[in-house]
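Here is a short tour of one protein chain, written for someone new to reading structures. Have a look at the picture first, then follow along.

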Amino acid sequence: MDDEPLTEWAERRDAKIGRLRAVPVVPGNGPRASHPHPDAPRAIERWNGHTWELYGFAAGLAEAQAVLYPEAGKPAPSGPVPKPLGPGTGKHRKPRAPGPDSGSRTQT
């Protein structure tokens, strides 16, 4: 059997420490999906390496997303605008084959 070394497993587990998740506070068993109850309050939980522990609360889905993804609320950095696509059709353009005037073919 090809078992993973324990050190690799521990590194992978430790990389997840500090991860946050938002769980709707609704009646029922266990965590639920966020879309059925967007206005329900959320418990923000943090992974400590062994279990999810309470980290904070949010009034609704929008506030929870602001806590989980703070970089999404920041404005985009201003800078040079990317150059649009050049001429051609379709997104899967193939490079043009060398023509007779490109010098890649020899005539006999």
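Read along the sequence, the protein chain goes α-β-β-β-α. That comes to two helices and three strands; helices (H or I, at least four residues) and strands (E, at least two) are DSSP runs, numbered from the N terminus. Keep in mind that this is a predicted model, in which local features need pLDDT of at least 70 and side-chain atom pairs count only at pLDDT 80 or more, while totals for chains, interfaces and linings use all residues. Residues are numbered from 1 along each chain as its sequence is written, and side-chain values use heavy atoms, with hydrogens and water left out.

How much of the chain is buried? Of its 108 residues, 14% count as buried. Buried means under 20% relative accessible area, exposed means over 50%, and partly exposed is in between (1.4 Å probe, protein chains only).

**The sheet**

The three strands make an open sheet in the order β1-β2-β3, with antiparallel pairing. Two strands pair if DSSP finds at least two bridges between them. Because β1 (20–24) and β3 (52–58) stand at the edges with a single partner strand each, one side of each has no neighbour in the sheet. On average, neighbouring strands of this sheet are turned by 35° against each other, direction ignored; here axes are lines fitted to C-alpha atoms, for helices over the stretch in contact, and angles run from 0 to 180 degrees between N-to-C directions. As background, strands of a sheet pair through backbone hydrogen bonds, either parallel or antiparallel.

Now take the pairs in turn. Five bridges join β1 to β2 (residues 42–47), and these two run antiparallel. Arg21 has Glu45 of β2 as its bridge partner, and Val23 has Ala43 of β2. On the other side of the story, β2 and β3 are joined by six bridges and also run antiparallel. There, Arg42 is partnered by Ala58 of β3, and Glu45 stands opposite Leu54 of β3. The hairpin of β2 and β3 has four residues between the strands, and in this hairpin Gly49 takes a positive phi near 105°.

**Charged pairs**

How many salt bridges does the structure hold? There are four, a salt bridge being a side-chain nitrogen of Lys or Arg within 4 Å of a carboxyl oxygen of Asp or Glu. In general, side chains of opposite charge can pair when their charged atoms come close. The table shows some of them.

| Salt bridge | N to O distance |
|---|---|
| Glu4 and Arg12 | 2.4 Å |
| Arg21 and Glu45 | 2.8 Å |
| Glu53 and Arg46 | 3.3 Å |

Let's start with Glu4 and Arg12. Glu4 is partly exposed, with a relative accessible area of 38%, and Arg12 is partly exposed too, at 42%.

Arg21 and Glu45 are worth a second look, as you have already met them as bridge partners. Their side chains also meet in a salt bridge (2.8 Å, N to O). This pair links distant parts of the chain, with Arg21 in strand β1, Glu45 in strand β2 and their positions 24 residues apart. The two side chains are joined by a polar contact of 2.8 Å as well. That term covers a pair of N or O atoms within 3.5 Å; within protein, one must be able to donate a hydrogen and the other to accept it, and residues adjacent in sequence count only if both atoms are side-chain atoms. Is Glu45 buried or exposed? At 17% relative accessibility, Glu45 counts as buried, whereas Arg21, at 27%, counts as partly exposed.

As for the pair of Glu53 and Arg46, Glu53 is partly exposed at 33%, and Arg46 is partly exposed at 27%.

**The loop and a nonpolar patch**

Between β1 and β2 there is a loop, and Ala40 lies in it. With 11% relative accessibility, Ala40 counts as buried. Ala40 and Val23 are 17 residues apart in sequence and 9.6 Å apart in space, C-alpha to C-alpha.

Val25 also sits in the loop between β1 and β2, and at 46% relative accessibility it counts as partly exposed. Which residues make the nonpolar surface patch? Val25, Leu54 and Phe57 do, over about 340 Å². Patches are made of residues with over 30% relative accessible area and no salt bridge: like charges are joined within 9 Å, nonpolar side chains (Val, Leu, Ile, Met, Phe, Trp, Tyr) within 5 Å. The accessible areas come from the Shrake-Rupley method with a 1.4 Å probe, and for residues, only the protein chains shown count as cover.
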